[in-house]
Amino acid sequence: MTEKNLIIIGSGPGGYVAAARAGQLGLNVTLIEKENKLGGTCLHWGCIPTKALLHQAHLYKEILEAGANGIVTSPPSIDMNNLMNYKQNVIDNMEKGIQALLKKYNVEIIQATARLTKDGKVECTYPDSKKDIISADHIMLATGSEARGIPGIEFTDKIISNKEILTVDKFPESIVVIGAGAVGVEFATVLHSIGKDVTILEMLPNIVPLEDGDVSRELSRAFKKKKLKAITEARVTSIKESGGGVIVTYERKEKENTIEAEKVLVAIGRKPNTHNIGLEDAGIETERGFIKINDTYQTSVKNIWAIGDIVPTPQLAHAASAEGIYVVESIAGMKPKKITTDWIPAATYCEPQIASVGLTEEQAVSRGFDVKTGISRFNTMAKAHILGATEGFVKIVADSKTDLLLGMHIIGPDATEMIGEGVTALNIGATISELRHSIHPHPTLSEVVYEAIEAVEGMAIHGG
Ligand code: NAD
């Protein structure tokens, strides 16, 4: 036994939440972070700043269009300095919150770059280059991920990732976004909403390809309607800097095409931060860059655990937090309930928003379920008309044999807020007949969820 129960490496939403839970449970816990700020990618270069910009971009568009419904304003413009200050204030407030939480739960915080040693300890290199070795009964790796680059194409000041776009002095007038996953469609939404020329290039036949096929097609239609260009089956072959911008060459249906723009945003996925953390020294096995874990997040070395973007589960902040809590509760001997990966929700803040949990129709069919579905559209509900946000629908996927809910997929206003209902329903094993008894308030957007449930049995009154 060592004096410390747990060392956690990395203070993103995986590591800091795990540290807080460990403190709550009375474990002696140390959190190591190499940056001089806590919160990781999610808080500083990911979810939070992006959503702050998306919120303001949405407001910009609302102001621009408000005249049509009786509020006359001058056309809005962007004050870049104030916009970036607002975004930074949100981050700073949340960081102060994390500091306060960890203090409250007696978590020791060390600023250092951590590396595992051969004998299962942790070497810390402090900002002044001094080194030290510390040990604990358990170690949790939560080192996160970074943007993946296109092989053979370096990042520059014109070929950038989600990190650099968040700190530009001026948004580019034109941009090519490579990749139509969550990062790609979210930044495309920010820039298009404030009037920039955006083209998305996606390699696969569908944008947001992990979502249900109906959702992906609906987003394509919505983008087309607002003239946000998204070109699918487009494989980027080269990016050349020229004068003030870039020339992107891509292949589509065996034809070569080019687009010129001021900048390129590469949003083709994230690679786990598993290099230089001593995995080989400690004897921890990896697979395609990810750390190999068993179903309790234990690595190939006993008492060393790995969670978040470095393990092959969804690369989402809330997944990392849940995994961190699971491991800490296991260490504390609480026998927590296993995480069902299928029931981890996804939320994408493009416009219209997308949120989903559980199986898509395609997944349910391929897993052999006898699938029944129900769809209800937002344009059938008064609240959506009041908000002027009538695009999209709620889709329910269920099993005909057992009547169990299998998945909920929402594209439309406030989708990311409403998906919680689907998460709860899946976690308690709700059936469609049970869900049909839940009365939803009027007038709300959530009535569309209720109508989609009714639609599974062909009984939706307004929107089947
Ligand atoms: P992603 O894997 O979700 O999407 C990348 C997209 O790029 C895919 O559609 C892929 O087909 C495409 N692609 C890959 N190589 C390409 C190429 N050479 N040319 C054209 N297209 C190419 O990755 P992401 O959008 O970068 O996001 C990374 C991770 O972060 C994901 O797990 C994502 O879910 C998560 N994330 C979540 C949120 C959120 O929850 N709101 C926001 C941002 C990121």
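This briefing looks at how a protein chain surrounds its ligand. The model is predicted, and the chain has a mean pLDDT of 97. The ligand lies between two domains, because domain 1 (3-147 + 271-341) and domain 2 (159-268) both give residues to the shell around it.

**Who surrounds the ligand**

- There are 23 residues around the ligand, and those that come nearest are Val183, Glu186, Glu202, Gly269 and Ala347.
- Sorted by class, this shell has 14 nonpolar residues, along with five polar and four charged ones.
- Helix or strand, you can look for two elements here: α6 (182-193) and β21 (346-348) each supply at least two residues of the shell.
- The largest share comes from α6, which gives three residues.

**Polar atoms close to the ligand**

- Start with Ala347, where a polar backbone atom is 2.5 Å from a nitrogen atom of the ligand.
- At Gly269, a polar backbone atom sits 3.0 Å from an oxygen atom of the ligand.
- Ala182 also has a backbone N or O atom 3.2 Å from a ligand oxygen atom.
- How much of the ligand does the protein bury? Taken alone, the ligand exposes 840 Å², and the protein buries 79% of that.

**How confident the prediction is**

- Across the chain, 99% of the residues reach a pLDDT of 70 or more.
- Confidence is lowest in strand β13 (residues 235-242), with a mean of 95.
- Strand β25 (residues 405-411) has the highest confidence, at 99.

Notes: Residues numbered from 1 in each chain as written. Predicted model: local features only at pLDDT ≥ 70, side-chain atom pairs only at ≥ 80, totals over all residues. Heavy atoms only, no water. Near = heavy atom within 4 Å. Polar contact = N/O pair within 3.5 Å; in protein donor to acceptor, adjacent residues only side chain to side chain. Areas by Shrake-Rupley, 256 points an atom, 1.4 Å probe, with all protein chains shown as cover. Helix = DSSP H or I, 4+ residues; strand = E, 2+ residues; numbered from the N terminus. Nonpolar A, V, L, I, M, F, W, Y, C, P; charged D, E, K, R; others polar. Domains from an automatic or database assignment. pLDDT = per-residue confidence, 0-100.
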